[in-house]
Amino acid sequence: MEELDIGQHCQVPHCRQRDFLPFVCDGCSGIFCLEHRSKDSHDCPEVTALNERVKTDTHKSYSCSFKDCAEKELVAVICPYCERNFCLRHRHQSDHECEKLEIPTPRMAATQKLVKDIIDSKAGGPTSKQRKGAKKSATAAKVALMKLKMHADGDESLPQTERIYFQVYLPKGSKEKSKAMFFCHQWSIGKVIDFAASLANIRNDNNKLTAKKLRLCHVTSGETLPLDQTLQTWITKKDCPLYNGGDVILEYLHDEEQLLKDADSYLE
């Protein structure tokens, strides 16, 4: 009797076993026996392609150097002072306790003296006319604050009691001359700068070593504010030209520049 041609041979070269109920691979459509029916056992091309795809789809991440922080970023965020990498939450010097954080010098005493000299003018003390002028200025400041509150941009989730309002004069060459904004009084100056740059949609290269940095400056003296100190620190300073409802200047400066020249020209 002739042998019936039933079943098919396994396509694995070293096997070739004839199976009456062969298995068809749904990956490569090959014919295999019971032993070689799994994709791994017959080196299915689909498995190989999948493994290669997984290997090539890897992204480098950057770990935060701050103690006990497990955050990672897809791009490097380097501190320009200690040159270590941090996450966005710890990128400012005060946030990661930077080893090269400079303690504020007494240079602000000069600013306070300048403001006092402007107030006292050339006389040995405020005259009756000057006192009236100061009272008028205080009223004008209150009116300016009310106007700012009507159209200022900021984080709407901030409680009213934590908001500080400024008319922020933008870097020369910007599309807008100035913009009304409000910030949290607990924010550091560095965070205020980042938030203001985002609201005004202007370039912010403060995380790059060689680029000019955005700095917040007094409109009276042109002096830059230290990045690690909070707004509250300056608002509560006696004779400080920074106050709720006042003006500040945002401008690009080199790292070594501590004073903005021609600050008065921004208000013209």
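This is a short talk about helix 4 and the open sheet it lies across.

Okay, so keep in mind that we're looking at a predicted model. Let me begin with the sheet. It's an open one with four strands, in the order 8-7-10-9, and the pairing is mixed. Strands 8 and 9 are at the edges; each has a single partner strand, so one side of each has no neighbour in the sheet. Going from one strand to the next, the twist averages 40°.

Now, the strand 7 and strand 8 pair. Strand 7 covers residues 163-169, and it runs antiparallel to strand 8, with seven bridges joining the two. If you want a spot to click on, take Q167: its bridge partner in strand 8 is A180.

On to helix 4, residues 189-200. That's 12 residues, and from the first C-alpha to the last it reaches 16 Å, close to the 16 Å you'd expect at 1.5 Å a residue. Where does helix 4 lie? Across strand 8, strand 9 and strand 10, and it runs at about 135° to strand 8.

So which residues of helix 4 are buried? Here's the list: I189, G190, V192, I193, D194, A196, A197 and A200. Have a look at D194, an aspartate in that buried set. And what covers those residues? The cover includes strand 8 (178-184), strand 9 (213-218) and strand 10 (246-253), plus helix 5 (231-235).

One last thing, at the end of the helix. Just after helix 4 you get N201, and N201 takes a positive phi, about 55°.

Key:
Residues are numbered from 1 along each chain as its sequence is written. This is a predicted model: local features need pLDDT of at least 70, side-chain atom pairs count only at pLDDT 80 or more; totals for chains, interfaces and linings use all residues. Side-chain values use heavy atoms; hydrogens and water are left out. The expected span of a helix is 1.5 Å times one less than its number of residues. Buried means under 20% relative accessible area, exposed over 50%, partly exposed in between (1.4 Å probe, protein chains only). Contact means heavy atoms within 4.5 Å. Two strands pair if DSSP finds at least two bridges between them. Axes are lines fitted to C-alpha atoms, for helices over the stretch in contact, and angles run from 0 to 180 degrees between N-to-C directions.
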